[in-house]
Amino acid sequence: MGSDTLLVWGIGLGLSLLAVLPFFFHHRAKERQTEEAEERARAYGLDEPASLHPVVDPERCIGTGSCILACPEQDILGIRTGQAVTVSPANCIGHGLCERSCPVDAIQLVFGTETRGVDIPRILADFQTNVPGIYVVGELGGMGLIRNAFEQGRQCVEGLTRAGGAGRDDLLDVVIVGCGPAGLSAALTAHARGLRMAVLEREEVGGTVRHYPRKKLVMTEPLKIPGVGRVGAKEILKEELIGVWEDAVKEVGLQVETGVTVRGVERLPEGGFRVVSDSREHLTQRVILAIGRRGVPRKLGIPGEDLPNVAYSLREPEAYQGDRLLVVGGGDSAVEAALALSEQPGNEVRLSYRRDRFSRIKPKNRDRIVEAEERGQVSLLWSTEVIENRKGAAVLRHTSSDGGGNATPLPNDHLLIFAGGELPTPFLERCGIQIDTKFGEP
């Protein structure tokens, strides 16, 4: 082989390396980012999915990275050995953009894991349940994020409007049960479409969002409200969001029946439904259930839980001053409640969590609670559980292997429990809706 040929080969090899090296370094940088993100996820307990999250099929994934670019949250997926992997599934809020962006259908959104099941009403792609004419949107169907729940409410009404069907003069077009994010969006969309409807809410407009602590950051981008348009700032606090919603209701003239508890939904022999509440009955062609899960708080099932010093939400932290307070839970709601209470004068705040680290909380909340503990504002009682509530005391037991399981009375004035919400299974079953327990299933 002559020198000229070697030179040509050398130049070709050099050019090939110049073309390949940027690609190699780019992917290596992506993999380092993935490794760092995985470490953060483990540290913050975000490596355990709370509900809906993506699962990547390694047999199909070709490593285009389109799913990572499509995800608005940016930190759910990463790249390892040239393929997409789930990094922090607990951060997933169910956009589904990653699933839709994959050119080879290698991603699927699922509920739960192989060992941790999630109870979900049986829902079809158009939000309709196994009972034709009854729809489920928002947190009740596994979508707790305000922005996504709001979008689901809009999509549901748009879908049933397109589906059409002959209207009946003796029936409303739709009854919407619940006026939280999903229910309000459904109601505003139905109003804009001229549907005959009733909107029933057990509390006030906003639903369980009103139970969030004061000044809680609830959204990080503006909200598009049906019939009103784009409103809100980049960061929206609870009070600001409630105000936006109340203004929207007034602006369009939406009628919401508040203080109404729905007891059941019955099918009519001739078609349609009877919605039974504690005020009156509504006859309708369709029903949208947007009642959420938080309205049914999960209880500890301990002696003394029915005493008046027990609460499952925190709306007004300033109502507690100069008190001894025990907060139970390891999620964002528990942490935010403990922080809000610690800012009130004279309070002695403790937070009890059954694990030895927080699981599935926002990094900012983790940093804030750690700082509050370092300042002496909050005491973190790791690996403990409350086994009895008394007037003036709470009894805790250590759950760690070295704790011996000993029960310890702790002087306490108020017990605030944030153990999540339960699916209103009896109500759903009375409506004829089937419940599925998802173990890593779509």
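Colleague: What makes the open sheet one of five strands, and in which order do they stand?

Modeller: The model is predicted, so local features need pLDDT of at least 70 and side-chain atom pairs count only at pLDDT 80 or more, while totals for chains, interfaces and linings use all residues. Residues are numbered from 1 along each chain as its sequence is written, and side-chain values use heavy atoms, with hydrogens and water left out. The order is β17-β24-β18-β19-β20, with parallel pairing. Strands are DSSP runs of E with at least two residues, helices runs of H or I with at least four, both numbered from the N terminus. Two strands pair if DSSP finds at least two bridges between them.

Colleague: How do you know that β19 and β20 pair?

Modeller: Strand β19 (residues 348–352) and β20 are joined in the parallel sense over four bridges, and the rule asks for at least two, so they count as paired. Val-349, for instance, has Val-378 of β20 as its bridge partner.

Colleague: Why are β17 and β20 said to stand at the edges?

Modeller: Each has a single partner strand, so one side of β17 (310–311) and one side of β20 (378–381) lack a neighbour in the sheet.

Colleague: Why is the pair Asp-436 and Arg-122 called a salt bridge?

Modeller: Their side chains meet at 2.6 Å, N to O. The term requires a side-chain nitrogen of Lys or Arg within 4 Å of a carboxyl oxygen of Asp or Glu, so the pair qualifies. By this rule the count comes to 14 salt bridges. Asp-436 lies in strand β25 (residues 435–438) and Arg-122 in the loop between β5 (118–121) and β6 (134–136), so the salt bridge ties together parts 314 residues apart in sequence.

Colleague: Which of the words buried, partly exposed and exposed applies to Asp-436, and which to Arg-122?

Modeller: Buried means under 20% relative accessible area, exposed over 50%, and partly exposed in between (1.4 Å probe, protein chains only). At 17%, Asp-436 is therefore buried, whereas Arg-122, at 34%, is partly exposed.

Colleague: How do Glu-348 and Arg-350 fare by the salt-bridge rule?

Modeller: Their side chains meet at 2.5 Å, N to O, in a salt bridge. Glu-348 has 37% relative accessibility and counts as partly exposed; Arg-350, at 13%, counts as buried. Elsewhere, salt bridges that share partners join Glu-266, Arg-274 and Glu-281 into one network.
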